[in-house]
Amino acid sequence: MAIDHVHDLQFVYKKILDNMSRPGKIASLQTLAGRNDYNLQMLDATLLTMMTLLDREVTFHVLMDNGQNLPEKISEYTLATHTTIDKADFVIVLKGTPETAITNAMAQCKKGSLIDPHASATWIIESAFSDVHEGELMLTGPGIKDQTKLQTALTPAVWQARNVCVAEYPLGIDLMLTDEDLQVVCIPRTTKVDMMEVE
């Protein structure tokens, strides 16, 4: 079944908007299961998020091309322009991308400026996650009552690199994690992410 570019993508946009205001909340896109008729080697949740946010006015960078000519195909479907990591409005991180590739890219990507803090990169990262009671991460900040715990497949080094990126607020990056269960969770730059001790 094809993606309805009006109804389906509006649904995804509303989910993302709500989740950006409620960091750590997991949103399900399950009602759109089976809509991926695009020949792109990425998770359905990643595809839907990408198709919702990318257009001819933005640029993007794919961290790990899996040999499927993804940048060309994404440009064809969204009209967005592929560019280098330091100029990209969106950074797409496919499942299996090495930790060092992610941390190096975070050091190089756009973080905005004091004049225009929103001229920064938004990251779409494929990663398993869950809101288990004893999550490895503790999220606090605007939109979170007290605290929220989150478990992800991303390494501590990646979260440390992310925290460095947002250390000089309002500069920073916004993250959207997608998983194989058609779920999305957002972690904007305003969210403080603390790594909890593993017993």
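Here is a walk through some strands and helices of this structure, which is a predicted model.

Let's start with strand β4 (residues 90-93). Side chains in a regular strand alternate between the two faces of the sheet. In β4, Phe90 and Ile92 sit on one side and Val91 and Val93 on the other, and all are buried, so both faces of β4 are covered.

Now look at the partners of β4. Strand β2 (residues 59-62) runs parallel to β4 and is joined to it by three bridges, with Phe60 opposite Phe90. Strand β5 (residues 122-126) also pairs with β4 in the parallel sense, over four bridges, and here Phe90 stands opposite Thr122. Getting from β4 to β5 takes you over α4: β4, α4 and β5 form a right-handed β-α-β unit.

From α4 (residues 99-108), move across to α5 (residues 156-165). The two axes come within 9 Å and cross at roughly 5°. That is under 35 degrees, so α4 and α5 count as roughly parallel. On the α4 side the contact involves Glu99, Ile102, Thr103 and Met106, which meet Ala157, Val158, Ala161, Arg162 and Cys165 of α5. By class, that makes six nonpolar, one polar and two charged residues.

Helix α5 also leads to another sheet: it lies across β7 (137-140), β8 and β11, at about 150° to β11. This open sheet has four strands in the order β6-β8-β7-β11, paired antiparallel. β6 (129-130) and β11 (192-195) each have a single partner strand, so one side of each is left without a neighbour in the sheet. For β6, two bridges make the link to β8 (residues 148-152), and Phe129 stands opposite Thr152 there.

Notes:
Residues numbered from 1 in each chain as written. Predicted model: local features only at pLDDT ≥ 70, side-chain atom pairs only at ≥ 80, totals over all residues. Heavy atoms only, no water. Axes fitted to C-alpha atoms, helices over the stretch in contact; angles between N-to-C directions. Parallel < 35°, antiparallel > 145°, perpendicular 65-115°, else oblique. Contact = heavy atoms within 4.5 Å. Nonpolar A, V, L, I, M, F, W, Y, C, P; charged D, E, K, R; others polar. Pairing = 2+ DSSP bridges. Buried < 20%, exposed > 50% of the residue type's maximum accessible area, 1.4 Å probe, protein only. Right-handed = clockwise from strand over helix to strand, strands pointing away.
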